[in-house]
Amino acid sequence: MEAVGAGIYGTLGVAVGVPALRFLLAPLRRAGGDAAFLRAAPLESIPAGKPTRLTIQAAHRDAYMQHAVGPVGSVWLSRDGDQVRCLQVICPHLGCGIDLSAEGSAFACPCHASAFDLSGRRRFGPSPRDMDELPCRVSDPDEQGVRWIEVQYAEFQTGVPDKRSLG
Ligand code: FES
């Protein structure tokens, strides 16, 4: 009889414990970095030659909270024909928003004067690394024939020389 009771409790423990453990560990698995590509803008809306700042919209999750679609961050998009490049707006020094210079020929951080060329390479200032590049791509045409620039949005730790994802 004791063996039967132990078997029932053992089965119940596994039935309850495994899903509970998966729920508790879910944020850690998401931190592994398989972020989805998010639609940023129609390809044709981005002028060639001059970076365009865009806010990325998405439904997102913080730890255990699911949020409705809203802004998750901003990026600088550059386009050369069908080639696109996406740079994180957040400065790798201490996290201020990086601006485009008035003449559009370089990036500059207004907080402590880090400067970057248009490819995001650090030119001078206290930033410990180049601007953070994000994976981006151009989609196939959708039902309306629109090709979208899609970005795998991510944020990274500031103040360190190597690019470490915040998950
Ligand atoms: S936060 Fe950009 S240079 Fe300091």
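## The nonpolar core

A nonpolar core is a set of buried Ala, Val, Leu, Ile, Met, Phe, Trp, Tyr and Cys residues that are joined through C-beta atoms within 7 Å. In this predicted model, the largest such core has 19 residues, and those with the most contacts inside it are Val75, Leu77, Cys86, Ile98, Leu134 and Val151. The elements that give two or more residues to this core are strand E3 (65–80), strand E4 (83–88) and strand E11 (148–151), and the largest share, three residues, comes from E3.

Leucine 134, which is among the core residues with the most contacts, can be followed a little further. When its neighbours within four places in sequence are left aside, leucine 134 is in contact with Val75, Cys86, Gln88, Val151, Gln152, Tyr153 and Ala154.

## Overall make-up and confidence

The secondary structure of the protein comes to one helix and 11 strands, and when these elements are read along the sequence they follow the pattern α-β-β-β-β-β-β-β-β-β-β-β. The protein has 167 residues, of which 17% count as buried. Among the contacts with a separation of 6 or more, 45% are between residues that are 24 or more positions apart.

The average pLDDT of the protein is 85, and 80% of the residues score at least 70. Residues 14–33 have a pLDDT below 50, and beyond near neighbours in sequence this stretch has five contacts in the model.

## The sheet E2-E3-E4-E9

Four strands form an open sheet in the order E2-E3-E4-E9, and their pairing is antiparallel. Strand E2 (52–62) and strand E9 (133–134) stand at the edges with a single partner strand each, so one side of each has no neighbour in the sheet.

E2 and E3 pair in the antiparallel sense over 10 bridges, and within this pair histidine 60 stands opposite histidine 67 in E3. The hairpin of E2 and E3 has two residues between the strands, and in it alanine 63 takes a positive phi near 50 degrees. Further across the sheet, E4 and E9 run antiparallel and are joined by two bridges; here cysteine 86 stands opposite leucine 134 in E9, and both of these residues are named among those with the most contacts inside the largest nonpolar core.

## Strand E11 and its partners

Strand E1 (residues 38–42) pairs with E11 in the antiparallel sense over four bridges, and alanine 41 stands opposite isoleucine 149 in E11. Strand E10 (residues 136–138) also runs antiparallel to E11, to which it is joined by three bridges, and the bridge partner of arginine 137 in E11 is glutamate 150.

Which side chains of E11 point to the face where they are buried, and which point to the other? The side chains alternate along this strand: Ile149 and Val151 point to one face and are buried, while Trp148 and Glu150 point to the other face and are not buried. Of these residues, Val151 is also listed among those with the most contacts inside the largest core, and Ile149 is the residue that alanine 41 stands opposite.

## The sheet E5-E6-E7-E8

Another open sheet is formed by four strands in the order E5-E6-E7-E8, again with antiparallel pairing. Its edge strands are strand E5 (99–100) and strand E8 (122–124), each of which pairs on one side only. E5 and strand E6 (residues 107–108) pair in the antiparallel sense over two bridges, and leucine 100 stands opposite phenylalanine 107 in E6.

## Phenylalanine 124 and glycine 125

Phenylalanine 124 is found in strand E8. Is this residue buried or exposed? Phenylalanine 124 counts as exposed because 9 other C-beta atoms lie within 10 Å, and a residue is exposed if that number is 12 or fewer. The C-alpha atoms of phenylalanine 124 and serine 114 are separated by 5.7 Å, although these residues are 10 residues apart along the chain.

Glycine 125 has its place in the loop between E8 and E9, and it counts as partly exposed because it has 16 C-beta neighbours inside 10 Å. Glycine 125 and serine 114 are 11 residues apart in sequence, while their C-alpha atoms are 3.9 Å apart in space. When its neighbours within four places in sequence are left aside, glycine 125 is in contact with Cys109, His112, Ala113, Ser114 and Ala115.

Terms used:
Residues are numbered from 1 along each chain as its sequence is written. Two strands pair if DSSP finds at least two bridges between them. A residue is buried if 20 or more other C-beta atoms lie within 10 Å of its own, exposed if 12 or fewer, and partly exposed in between; C-beta atoms are placed from the backbone. Two residues are in contact if their C-beta atoms, placed from the backbone, lie within 7 Å. pLDDT is the predictor's confidence in each residue, from 0 to 100.
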